[in-house]
Amino acid sequence: KQWYQRRVAITAGIAVFNNEVNLNQEYKDNLMRVENITFVKFNKDTMVSPRESEWFGFYKPGSNSEVMALQDSDLWKEDRLGLKEMSSTPGRLTFLSIDADHLQVPEEFWKSEIIPRLQN
């Protein structure tokens with residue numbers, strides 16, 4: 001029960017930050033100032049559940065197993081964070097995946113995928 005209560009509290013906090021509870025235009029405006037964003041999903045992640053949440057996906061409402069992609073969510077459809085608008089500019093919003101556990105990023109991945117995006 002304590003684990004569940006902790007997860008609900010964490011999820012509720014994330015929902016506020018993700019602009020899912022009330023639209024905070026300042027959150028969206030600030031995020032839109034970022035030149036580009038890269039999200040990395042760790043395909044063998046043992047810490048984050050569901051793994052798709054690393055790309056803003058989450059469980060479908062009422063399910064604890066079926067996952068909904070970001071692009072199918074109200075967060076995307078209503079563009080509550082500006083991610084949908086960002087995606088209309090090539091290179092501004094990138095989704096990468098890597099066959100690794102949580103934050104276990106090989107040096108070559110950093111060099112080939114992450115660092116070039118930071119330099120542009």
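Arg 117 and Glu 113 sit four residues apart in helix α5, which is about one turn of the helix. In this predicted model, the two side chains form a salt bridge, with the closest N and O atoms 3.2 Å apart. Neither partner is fully out in the open or tucked away: Arg 117 is partly exposed at 24% relative accessible area, and Glu 113 is partly exposed at 25%.

The same helix offers another pair with this spacing. Glu 107 and Lys 111 also both lie in α5, again four residues apart and about one turn of the helix, and their side chains meet in a salt bridge at 3.0 Å, N to O. Here Glu 107 counts as exposed, with 55% relative accessibility, while Lys 111 comes out as partly exposed at 48%.

Helix α5 runs over residues 107-119 and also houses Trp 110. Charge is not the whole story for this part of the model, as Trp 110 joins Ile 115 and Leu 118 in a nonpolar surface patch of about 320 Å². Trp 110 itself has 41% relative accessibility, so it counts as partly exposed.

Altogether the structure holds four salt bridges. One of them links the side chains of Arg 80 and Glu 78, at 3.1 Å from N to O. The two ends of this bridge fall into separate classes: Arg 80 is buried, with a relative accessible area of 16%, whereas Glu 78 is partly exposed at 46%. In sequence, Asp 79 comes between them, and its backbone stands out, too. Asp 79 has a positive phi of about 50° although it is not a glycine. This residue belongs to the loop between α3 and α4, and with a relative accessible area of 12% it is buried.

A positive phi also turns up at Leu 103, again a residue other than glycine, with a value near 60°. Leu 103 lies in the loop between β4 and α5. Its side of the accessibility scale is the opposite one from Asp 79: Leu 103 is exposed, with a relative accessible area of 59%, while Asp 79 is buried. One more backbone feature is worth a look, this time in the loop between β1 and β2 (58-59), where Pro 50 is found. The peptide bond joining Ser 49 and Pro 50 is cis, with omega at about -5°.

Moving to the strands, β1 covers residues 37-42, and five of its six residues are buried, so the strand is largely enclosed by the rest of the structure. Strand β4 (residues 93-98) pairs with β1 in the parallel sense, over six bridges. Within that pairing, Leu 96 of β4 is the bridge partner of Val 40. In a regular strand, side chains alternate between the two faces of the sheet.

Leu 93, also in strand β4, gives a good view of how distant stretches of the chain come together. Leu 93 and Ile 37 are 56 residues apart in sequence, yet their C-alpha atoms are 5.1 Å apart in space. Apart from neighbours within four places in sequence, Leu 93 is in contact with Ile 37, Phe 39, Trp 76, Leu 83, Met 86 and Ser 87. With a relative accessible area of 13%, Leu 93 is buried.

Leu 93 is also part of the largest nonpolar core, which has 11 residues. Its other members are Met 32, Ile 37, Phe 39, Phe 56, Leu 70, Leu 75, Trp 76, Leu 81, Leu 83 and Met 86. Strand β1 and helices α3 (74-77) and α4 (83-87) each supply at least two residues of this core. A second core, separate from that one, has seven residues, among them Val 40, Phe 42, Leu 96 and Ala 100. The bridge partners Val 40 and Leu 96 thus both turn up in this second core.

Definitions and conventions
Residues are numbered from 1 along each chain as its sequence is written. This is a predicted model: local features need pLDDT of at least 70, side-chain atom pairs count only at pLDDT 80 or more; totals for chains, interfaces and linings use all residues. Side-chain values use heavy atoms; hydrogens and water are left out. Patches are made of residues with over 30% relative accessible area and no salt bridge: like charges are joined within 9 Å, nonpolar side chains (Val, Leu, Ile, Met, Phe, Trp, Tyr) within 5 Å. Accessible areas come from the Shrake-Rupley method with a 1.4 Å probe; for residues, only the protein chains shown count as cover. Buried means under 20% relative accessible area, exposed over 50%, partly exposed in between (1.4 Å probe, protein chains only). Two strands pair if DSSP finds at least two bridges between them. Contact means heavy atoms within 4.5 Å. A nonpolar core is a set of buried Ala, Val, Leu, Ile, Met, Phe, Trp, Tyr and Cys residues joined through side-chain atoms within 4.5 Å.
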